[in-house]
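Subject: Structure for your review

Dear colleague,

Please find the structure below, handed over for your own work. A summary of what was found in it follows.

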Protein chains: 2
Amino acid sequence: MDQNPPRSTSVTVADVARRAGVSKATAARVLGGYGTVSDRVREAVTAAARALDYRPNELARSMTTGRSGTIGVVVGDIENPFFSLAVRGITDVARQAGFTVILINSGEDVTAEKAAIRTLLAKRVDGLIVSPAKESELDHLQEAARSGRPLALLDRGSEALAVDTVIADDRNAAEGVTRRLLALGHRRIAYITACDTSDHLFRTPSDINTGSVRRRVEGFLDTCREAGLAEMERWVHVGASSPEHTRRIVTGMLRASGRPTAIIASDSVIGLEVFKASRAIGLAIPSDLSLVSFHDADWTSVTSPPVTVVRQPVYRLGERAAQLLVERLNGEGMEARRVVLQTEIVERASVAEAPA
Amino acid sequence: MDQNPPRSTSVTVADVARRAGVSKATAARVLGGYGTVSDRVREAVTAAARALDYRPNELARSMTTGRSGTIGVVVGDIENPFFSLAVRGITDVARQAGFTVILINSGEDVTAEKAAIRTLLAKRVDGLIVSPAKESELDHLQEAARSGRPLALLDRGSEALAVDTVIADDRNAAEGVTRRLLALGHRRIAYITACDTSDHLFRTPSDINTGSVRRRVEGFLDTCREAGLAEMERWVHVGASSPEHTRRIVTGMLRASGRPTAIIASDSVIGLEVFKASRAIGLAIPSDLSLVSFHDADWTSVTSPPVTVVRQPVYRLGERAAQLLVERLNGEGMEARRVVLQTEIVERASVAEAPA
DNA sequence: TTTCAAATTGAGACCGGTCTCTTTGCTTCT
DNA sequence: AGAAGCAAAGAGACCGGTCTCAATTTGAAA
């Protein structure tokens, strides 16, 4: 029975109905699991379906029901451990709730992000989870929200947008880290992020469109200011968007006179590159240079010295976002919720007193 | 004009047609970009569509065309850097070719994998890329292939299945690594994999259902045998499926008398755990213990000592798989192709002569 | 036995596109 | 001028399900 040639035209309810000797409507009731049917008919239809190897066409089903059973996810880069872990959280919840996930990388590019959302909307996803590249441009998000399909924001929110949002308490984390470094005598503290500005220079936090990072930078700057350090803006470096860029930035910074005595890396990919670059230059961590990285990537505990990090509940970030979305998909329209998950500073050995 | 209430019922071709004063068929021609239309009509329809903010319904389109513009991807665990990188390769190619990706994690569980494929087939994906958990069970893959939708296998193939396959030359890599260790005097060499058997014991390579790993183990064992080492089977450890399991296995192994002098880790997640465990026990790498890991994860170059690894072209693995699939989706039925990508041993400093 | 509501089943419209088949209107060739 | 050829537009079927509504059965109450 394996010998039937590749069945190009698939079996439909009508086929099953014919074979079972009932009407299409009745067969559909059995196959779709709705309405009422007698046991005898149910068995006949089930048997016919099995004999014909009937496979429901979800597309057709979605067509009439209006629900596609999919949620669209737009992240910066699935290759980044941060996102792959968050996506894991999302897919776990989604599957549990009976949804599948369509994944699109934006590459942190707003144009790509817009296209992605448009595509997903066209495919009639039931809901969206987006990690917006820029908070300055949110027409497309607004539009998505207005299309009637629920939207949840991941890791980056915007107060201007009344949608479900799950973020970490980045500002708080940055403040804690900065305070710690200040207490150890550091005054030249650099902050490095992948976010970029048009001229690759940083002036004020509002230059930074990625919400999570902006909040961190604000926390960093404010804490410095409170400690009496002014003009720390010049220690914020943007544009570390690839390992090469990062290396160039870090190397330049560490080779300059008046180099920083401490560096805060905005994610683990950057942190890794800082680690490599400082070693390449011959600076010892932590005696010459203290390092703190965001994201408790698995490798950070295994280097020499192990790296002090801000542990973000990344998996839970994705998980919660998906939960909010699913709830909204099922339940009725409640108000937009904003969830802030706590971070934790994991002190390891990459931070020490500032060198004299 | 932003004030219209959330439009629950969307704009259709018929609406656009009405507004433009043409027939539904004509409007569809313009909107769908097929057939011939006069410039005047085209403009009228375009204008109407813009005015109404028309959004095509891809579902409906897929319904008739039979093409959904999606490819389904089933991987073990997106959280694993190996897969997230491969998926990155897949999505890049897919997007380029105009496809979106539906992602499902199997958790390396065959039952889940079957369900995943069934779901994807029901959603009428145009093609599938699967990294099969087990090569022993491939009915569901066979079925998928028979359903007429192209299938490509990623990282794990089966000669029994005539479908496009992209793998790395795992056997070769394992042979090379083993030879290197043997040359350095190692005789007690352990191989650790996440794959598992029913009784968590390894007897023969055929116990291992994951193709890539089986080929490696075969390479390992054969090379040992050629060197006159018999019964190396007892050095193959299965079931390192989580950090905790791995730690337990490694710790037990290293604490035992006659502990291995070298360990080959089947992926970077395991390699990391071996690194941690040996350090926790107080064994020095490489003087007490040599370590080689599969997958050139980013952190492996930054530990002390940096870890010798087998560099697999992971991104290209995904990329090629997607390419094969897309070609088959466009072109006509050619024979199944099997692509084997070369690996490379990156010698760093975690391998040394066997201790006396 | 008659009556009436509830349970079953059938017929056919519908979702929003695509696509085939016609009809209509011009242009062009002889 | 008449026929042929072709572009442009319309009508309506179709994809494979769901769902409404009406028709038929069934079963229990009267």
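Which residue in E2(B) is the bridge partner of Val101(A)? The partner is Leu103(B). Please note, before the remaining findings, that this is a predicted model.

The pairing of Val101(A) with Leu103(B) belongs to a strand contact across the two chains: E2(A) is joined to strand E2 (residues 100-105) of chain B by three bridges, and the two strands run antiparallel.

**Interface between chain A and chain B**

The size of an interface is often given as the accessible area lost when the parts come together. For chain A and chain B, the buried area is about 4600 Å², and carbon and sulfur atoms give 56% of that area. On each side the contact involves 50 residues: 50 of chain A and 50 of chain B.

Five salt bridges are counted between the two chains. One salt bridge links the side chains of Arg88(A) and Asp77(B), with an N to O distance of 2.8 Å. Polar contacts between chain A and chain B amount to 20 residue pairs, with both residues at pLDDT 80 or more. Several elements of chain A give two or more residues to the side that touches chain B, among them helix H5 (81-96), strand E2 (100-105), helix H6 (110-122) and helix H11 (268-281). Sorted by class, that side of chain A holds 19 nonpolar, 15 polar and 16 charged residues.

**Surroundings of DNA strand D**

There are 29 residues around DNA strand D, and those that come nearest are Thr64(A), Thr26(B), Arg29(B), Ser38(B) and Val41(B). Of the strand's atoms within 4 Å of the protein, 56% are sugar or phosphate atoms, while the rest belong to bases.

Phosphate oxygens of DNA strand D have polar atoms of both chains beside them, including the following:

- In chain A, a polar backbone atom of Val13(A) is 2.8 Å from a phosphate oxygen of DNA strand D.
- In chain B, a side-chain N or O atom of Thr26(B) is 2.6 Å from a phosphate oxygen of the strand.
- Also in chain B, Thr36(B) has a polar side-chain atom 3.4 Å from a phosphate oxygen of the strand.

The elements that give two or more residues to the surface near DNA strand D are helix H2 (24-32) and H4 of chain A, along with helix H2 (24-32) and helix H4 (58-65) of chain B. By class, the residues of this surface comprise 13 nonpolar, 10 polar and six charged.

Yours sincerely

Note on methods. Residues numbered from 1 in each chain as written. Chains lettered and ligands numbered in written order. Predicted model: local features only at pLDDT ≥ 70, side-chain atom pairs only at ≥ 80, totals over all residues. Heavy atoms only, no water. Contact = heavy atoms within 4.5 Å. Buried area = accessible area lost by both parts, 1.4 Å probe. Salt bridge = Lys/Arg side-chain N within 4 Å of Asp/Glu carboxyl O. Polar contact = N/O pair within 3.5 Å; in protein donor to acceptor, adjacent residues only side chain to side chain. Helix = DSSP H or I, 4+ residues; strand = E, 2+ residues; numbered from the N terminus. Nonpolar A, V, L, I, M, F, W, Y, C, P; charged D, E, K, R; others polar. Pairing = 2+ DSSP bridges. Near = heavy atom within 4 Å.
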